[in-house]
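These are my notebook entries on a structure that I consulted for the first time. I record what I looked up, entry by entry.

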Amino acid sequence: MKKAFLTGVTGQDGSYLAELLLAKGYEVHGMMRRSSSFNTKRISHIAHSLQDPASRFHLHYGDLTDGSALNRLLKTIKPDEIYHLGAQSHVRVSFDVPEYTGDVTALGTLRLLDAIRDANIAAKFYQASSSEMYGLVKETPQNEETPFYPRSPYACAKVYAYWITKNYREAYGLFAINGILFNHESPRRGENFVSKKITHTVARIKAGLENKLLLGNLQAVRDWGYAPEYVEAMWRMMQQDNPDDYVVATGEAHTVQEFVEEAFRLVGLNWEQYVSTDPRYYRPSETPTLLGSYKKAKDKIGWEPKVKFKELVKIMLEHDLKEHGLTLS
């Protein structure tokens, strides 16, 4: 039985990946930070099995700022595959906490890679790289060869994590790969991310609980995909004989305004009556257009997206409406 170790297991991607790996017969170990309240909502349906002595799902306390804890966990668990999804992952927040973002997102990756080397285990390593690394893009669509031009502390930290992963692959022979994932969403997305903020608030407006949606740059262009499909791409990358880096995207671009328009259209409301922009939600330096090419992923690992933009908006909105006893007509 293969063992997998996941950082960020309580997040959107971590929860879907844990489900996928368990379905494939893995023993799954997830790392979570200690806090005064449990942040296990996304994995509660899995975590209940922890009471079963035969459970293949295990949670461990740890932190990406604590290298000694990472060392102990890897030496104890001895995983076959490590999926590094943990980070301070909110772009706008990274401007407010740049040092913390660098410590967790950049140096956290280094600590984990060094823990693999120190534990002397033959584990495959997946680094969750981000389309935000492309920033002020040099070409469209972006692919594995497109130069990076990061435009936020988060993106800068991710660029460091990307290159240190490649460096450990080349310097020490680790099976270490980067999955450069473009925006990917789901009903489990955090409410401070723009996609979930839109569908969550539209559902509350439809339910009569709110009357305003405040957003930042409506003209930002993004390539939005469906998170459960993207974690399958992660797994496929890790099953290859040789480590490599891959872009995961849909190849379709839409503005934030288009996301807003589609969500309001689905509930039969005029978006212009409810949406306003607020300077608080603008970034000090914007990333205007992100659009990815998944050609290499399709050719090399047989992956391509199935859920596209309008279906994604519908999936998320239906989930948020259901929480208020509403459905799409």
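Helices are DSSP runs of H or I with at least four residues, strands are runs of E with at least two, and both are numbered from the N terminus. I note that the model is predicted.

Entry on Leu 174. I located Leu 174 in the loop between α6 (153-172) and β6 (176-181). Its relative accessible area is 13%, so I entered Leu 174 as buried. I then took the separation of its C-alpha atom from that of Ala 233, 59 residues further apart along the chain, and found 20 Å.

Entry on salt bridges. I counted 20 salt bridges. Asp 245 pairs with Arg 169, with the closest N and O atoms 3.0 Å apart. I noted that this pair links distant parts of the chain, since Asp 245 is in the loop between α8 (227-238) and β11 (246-248) and Arg 169 is in helix α6. Asp 245 is buried at 4% relative accessibility, and Arg 169 is buried at 13%.

I next looked up Glu 252 and Lys 308, whose side chains form a salt bridge at 3.6 Å, N to O. Glu 252 lies in the loop between β11 and β12 (254-255) and Lys 308 in the loop between α10 (295-301) and α11, so the pair ties together parts 56 residues apart in sequence. I recorded Glu 252 as partly exposed at 29% and Lys 308 as partly exposed at 28%.

Entry on helices. The axes of α7 (residues 194-206) and α11 (residues 309-322) come within 9 Å and cross at roughly 45 degrees. I therefore entered α7 as oblique to α11. Their crossing is right-handed.

Terms used: Residues are numbered from 1 along each chain as its sequence is written. This is a predicted model: local features need pLDDT of at least 70, side-chain atom pairs count only at pLDDT 80 or more; totals for chains, interfaces and linings use all residues. Side-chain values use heavy atoms; hydrogens and water are left out. Axes are lines fitted to C-alpha atoms, for helices over the stretch in contact, and angles run from 0 to 180 degrees between N-to-C directions. Angles under 35 degrees count as roughly parallel, over 145 as roughly antiparallel, 65 to 115 as roughly perpendicular and the rest as oblique. A crossing is left-handed if the near helix is turned anticlockwise from the far one by less than a right angle, and right-handed if clockwise. Buried means under 20% relative accessible area, exposed over 50%, partly exposed in between (1.4 Å probe, protein chains only). A salt bridge is a side-chain nitrogen of Lys or Arg within 4 Å of a carboxyl oxygen of Asp or Glu.
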